[in-house]
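Thank you all for making time this morning. I would like to walk you slowly through one structure, and I ask you to keep the display in view while I talk.

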Amino acid sequence: MIDQTYFDLRMTYQQFGQKLTISISELAKFWSISTKQVKRRLRAYEEQKLLHYYPGQGRGHLTQIIFQSSFRDEVIMGMKQAIVTEDTITIFYLLKLSVPASWLASFRGNLPNFLGIQTYSENKRVLRQLATRPITTLDSVQVAIRREYQLVLQLGDTLVQFDEGLKAGLAHHWQSNNDATVWTFYLRKEVRFHNGETMTAVDVKRTFERVRNEVGGIVLATC
């Protein structure tokens, strides 16, 4: 994982290129740390061969920092390493940086496959998606935000689906009585939960009961 504190510094002062002349007090304000901590951090970056640090000599003299590599090269190298190590936090961080699109253009073809659904074995699939706000719930009964609703749809199926009209889901067929007060759903066979157990009409009934108890206004159907 990259040092985001270091990358924040480079991002903020990238207009100065690889040579930055700045006061220790300004860096202290930027990082919200003490001047002593700034000096300690710069020395640590120098030991990591990220930069050369030349302290200002005397009161009022500015510090000079010379970065070892261009910011573009560091962003590209950071992305390469993040993809190899499957470091999604770094990938998302780098994608949000305000840098020219051409810097990461060579990675655009790989990222959709990396961030989408990947099958590692018959029993394990991984879905990675970029989220810019906290996820409050993935409970299908509680979701009220479209983003969370879309994530829930990636984790399970519904009895029916809506796409320009009702379509079969876990129920392959359904019907109602003449006054539409009783609905009967015919379930697909051999549908299994994530734990391997087979779905039954009892499971569907319990879901309806939970929705009725927590949300209200639901009349039980038959399966």
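**A pocket, two cores and some loops**

Let me begin with the second largest pocket of this predicted model, whose lining is made up of 15 residues, with I2, F7, E74, G78 and Q81 lying nearest its centre. Two elements, helix 1 (4-12) and helix 4 (71-84), are the ones that give two or more residues to that lining. Which of the elements supplies the largest share of the lining of the second largest pocket? That is helix 4, with five residues. If we sort the lining by class, we find seven nonpolar, five polar and three charged residues, and the space inside the second largest pocket comes to about 260 Å³.

Let me now step back to the chain as a whole. The protein chain has eight helices and nine strands, and of its 223 residues, 28% count as buried. If we take the contacts in the protein chain with a separation of 6 or more, 39% of them are accounted for by residues 24 or more positions apart. The accessible surface of the protein chain is about 15200 Å², and carbon and sulfur atoms hold 51% of that surface.

From the surface I turn to the interior. The largest nonpolar core has 36 residues, and within this core F7, L42 and L97 are the ones with the most contacts. You have already met F7, which is among the residues nearest the centre of the second largest pocket. At least two residues of this largest core come from each of helix 1, strand 1 (19-22), helix 2 (24-31), helix 3 (35-47), strand 2 (51-54), strand 3 (63-67), helix 4 and helix 5 (88-95). The largest share of this core, five residues, again belongs to helix 4, which is also the element that gives five residues to the pocket lining.

What does L42 touch, once its neighbours within four places in sequence are left aside? Its contacts are I24, L27, W31, L51, Y53 and I65. There is also a second core, separate from this one, which has eight residues, including L170, A171, V191 and M199.

Next, please find helix 2, where A28 sits. A28 counts as buried because its relative accessible area is 9%, which is under the 20% limit. Apart from residues up to four places away in sequence, A28 touches I33, S34, T35 and V38. A28 and K39 are eleven residues apart in sequence, while their C-alpha atoms are 9.2 Å apart in space.

One of the residues that A28 touches, S34, lies in the loop between helix 2 and helix 3. Is S34 buried, exposed or partly exposed? S34 has a relative accessibility of 33%, so it counts as partly exposed, this class being the one between 20% and 50%. Measuring along the sequence, so to speak, S34 and I24 are ten residues apart, and from C-alpha to C-alpha they are 9.2 Å apart.

I would then like to look at two residues with a particular backbone angle. K49, which is found in the loop between helix 3 and strand 2, has a phi near 60°, a positive value in a residue other than glycine. K49 counts as exposed because its relative accessibility is 62%, which is over 50%. E190, in the loop between strand 9 (183-187) and helix 8 (201-214), likewise has a positive phi, of about 60°, although it is not a glycine. The relative accessible area of E190 is 58%, so E190 is exposed.

The loop between strand 9 and helix 8 also holds H194, which at 75% relative accessibility counts as exposed. H194 and L155 are 39 residues apart in sequence, and the distance between them is 9.1 Å, C-alpha to C-alpha.

I will finish with E86, whose place is in the loop between helix 4 and helix 5. How far apart are the C-alpha atoms of E86 and M1, given that 85 residues separate them along the chain? The separation is 9.8 Å. E86 has a relative accessibility of 39% and therefore counts as partly exposed.

Methods:
Residues numbered from 1 in each chain as written. Predicted model: local features only at pLDDT ≥ 70, side-chain atom pairs only at ≥ 80, totals over all residues. Heavy atoms only, no water. 1 Å grid on protein atoms, 1.4 Å probe; cavity = no way out; pocket = protein on both sides within 12 Å on 5 of 7 lines; lining within 4 Å. Points joined across faces, edges and corners; volume = space filled by probe spheres on them. Helix = DSSP H or I, 4+ residues; strand = E, 2+ residues; numbered from the N terminus. Nonpolar A, V, L, I, M, F, W, Y, C, P; charged D, E, K, R; others polar. Core = buried A, V, L, I, M, F, W, Y, C linked by side-chain atoms within 4.5 Å. Buried < 20%, exposed > 50% of the residue type's maximum accessible area, 1.4 Å probe, protein only. Contact = heavy atoms within 4.5 Å. Areas by Shrake-Rupley, 256 points an atom, 1.4 Å probe, with all protein chains shown as cover.
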